[in-house]
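Got a minute to go over a structure with me? I'd like to talk through its pockets and one helix pair.

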Amino acid sequence: MNIIEKENALIGEKYYYAKHKSGLNIYFIPKQLTTSYALFCTEYGSVDNCFKLEGDADFTRVPDGIAHYLEHKMFENADGIDTFSRFAKYGANANAFTSTEMTAYLFKCTDHFDKNLEILLDYVTHPYFTPETVAKEQGIIAQEIRGREDYPDSVLYKNLMRALYKDLQINIDVAGTVESIAEITADMLYKCYDVFYNLSNMFLCVAGNTTMEEILSVADKILPEQEPKNIIRSYNEEGRDVAQSRITADFDIAKPMFLIGVKDICSPEPSLEKTKRALTMQLVSEALFGNGSEFAVDVYESSLIDELSAEYCSGKISAEFIFGGESNDVEKAYLKFSQFMEDVKKNGIDKEEFEIARKVKYAEYISSFESVNIAQTFASSLIQGTDWFDVGDIISQITVEEANALVNEIFNEKYYSVSVINPIKTEEEK
């Protein structure tokens with residue numbers, strides 16, 4: 001088996017890659033640390049609710065939240081032995097998560113890496129669902145969904161996405177709804193598993209004190225050879241116009257919370273340009289709204305905005321800039337933001353501030369290699385079609401002129417939506 005080594009000499013880091021005979025892509029980042037970290041990932045998330053295999057006549061549409069539901073069910077085994085107890089026997093902490101675009105099963109350990117990797121690869125490749133166990137899980141996940149409704153941060157963000165996007169799958173909650181998960185059956189779970197858990201749609205990321213040879217030895221022992229499957233995914237068409245300009249809710253909070261979303265164009269195909277666009281906007285966000293920025297200092301000192309946050313989010317099918325915080329005068333905060341962005345479009349980003357932002361982002365990039373958590377960062381970048389080892393070079397090459405051009409392209413008030421959560425009024429206030 002051909003093992004490819006890639007090194008970034010500038011930062012003194014390297015990784016190894018191999019295409020396993022099973023069809024699985026394997027990435028290993030050596031780290032001389034006491035802990036090792038492994039993630040077994042599938043390119044399957046909440047947005048993938050409509051799909052077919054190449055050669056199929058029709059698309060299959062499944063209930064919202066099924067990817068997350070499937071993740072929960074993967075920890076059950078036909079022999080009744082709990083997966084977490086299998087990991088505990090060898091001192092590993094195991095977990096899993098589902099996002100909009102991926103599902104990952106993972107563990108961290110200090111000893112017995114090979115045994116823990118065997119367990120990881122084994123249970124994820126052996127699904128076990130019955131009508132009884134599927135029905136039992138519905139109550140558990142329904143409780144989880146209802147619990148999220150009690151958190152104002154969660155409601156604030158979900159409302160913003162609904163305001164920005166009319167019908168795109170990105171506004172589907174990862175867990176689905178109580179109504180949608182009630183439709184899930186064991187047969188549906190097996191259907192989704194057979195399509196998306198084909199090893200050609202999966203990859204393994206490892207960081208730690210092991211070897212590629214050890215990883216491949218475990219893969220040889222556990223993984224079956226599979227014919228690759230070509231998955232065709234269908235996403236709802238979405239223009240750049242927002243669904244609604246404003247959405248509000250009331251909550252038991254002390255101070256109003258708000259998020260301003262700026263909808264960007266997005267291609268579903270990964271590319272270097274898409275990666276560079278996201279990184280450029282991250283530099284813009286840091287330069288304009290970082291803790292030491294003129295804007296941040298101004299709104300803090302004037303007590304206009306507390307808990308200020310600003311970030312550019314880019315995924316497979318969506319991209320948006322999100323700005324927000326807490327304010328007793330949301331209208332004034334919105335006006336402050338919108339007028340500031342018009343000034344930036346007119347006058348440009350200060351070159352010195354942009355270079356400071358670049359140094360901050362590059363320092364964050366370097367620090368990402370300091371722990372085995374780099375495995376998760378690397379996995380997330382792969383989902384976006386990006387090699388994390390190339391990101392530092394891209395950050396170094398972005399110019400302030402490119403950043404200004406992108407600001408002028410993206411920030412148009414036509415594409416702004418605002419999500420607000422207000423404190424519940426008392427009887428006296430009503």
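Below is a short back-and-forth on this predicted model.

Me: How do α3 and α8 lie to each other, given that their axes cross at roughly 40°?
Reply: The axes of α3 (residues 113–124) and α8 (residues 212–222) come within 10 Å. Angles under 35 degrees would count as roughly parallel, and 65 to 115 as roughly perpendicular. A crossing of roughly 40° therefore makes α3 oblique to α8.

Me: How many charged residues are in the contact of α3 with α8?
Reply: The α3 side includes Phe113, Asp114 and Leu117, and the α8 side includes Glu214, Ile215 and Lys221. By class, the contact has seven nonpolar residues and no polar ones, and the charged count is five.

Me: Which element gives the largest share of the lining of the largest pocket?
Reply: That pocket has a volume of about 1,400 Å³ and is lined by 50 residues. Elements giving two or more residues to the lining include α5, β13 and α12. The largest share is eight residues, and it comes from α9.

Me: Which residues lie closest to the centre of the second largest pocket?
Reply: This pocket has a volume of about 390 Å³, and β3, β9 and α13 each supply at least two residues of its lining. By class, the lining divides into eight nonpolar, six polar and five charged residues. Of the 19 lining residues, the closest to the centre are Glu43, Pro270, Lys316, Leu382 and Ile383.

Methods
Residues numbered from 1 in each chain as written. Predicted model: local features only at pLDDT ≥ 70, side-chain atom pairs only at ≥ 80, totals over all residues. Heavy atoms only, no water. Axes fitted to C-alpha atoms, helices over the stretch in contact; angles between N-to-C directions. Helix = DSSP H or I, 4+ residues; strand = E, 2+ residues; numbered from the N terminus. Parallel < 35°, antiparallel > 145°, perpendicular 65-115°, else oblique. Contact = heavy atoms within 4.5 Å. Nonpolar A, V, L, I, M, F, W, Y, C, P; charged D, E, K, R; others polar. 1 Å grid on protein atoms, 1.4 Å probe; cavity = no way out; pocket = protein on both sides within 12 Å on 5 of 7 lines; lining within 4 Å. Points joined across faces, edges and corners; volume = space filled by probe spheres on them.
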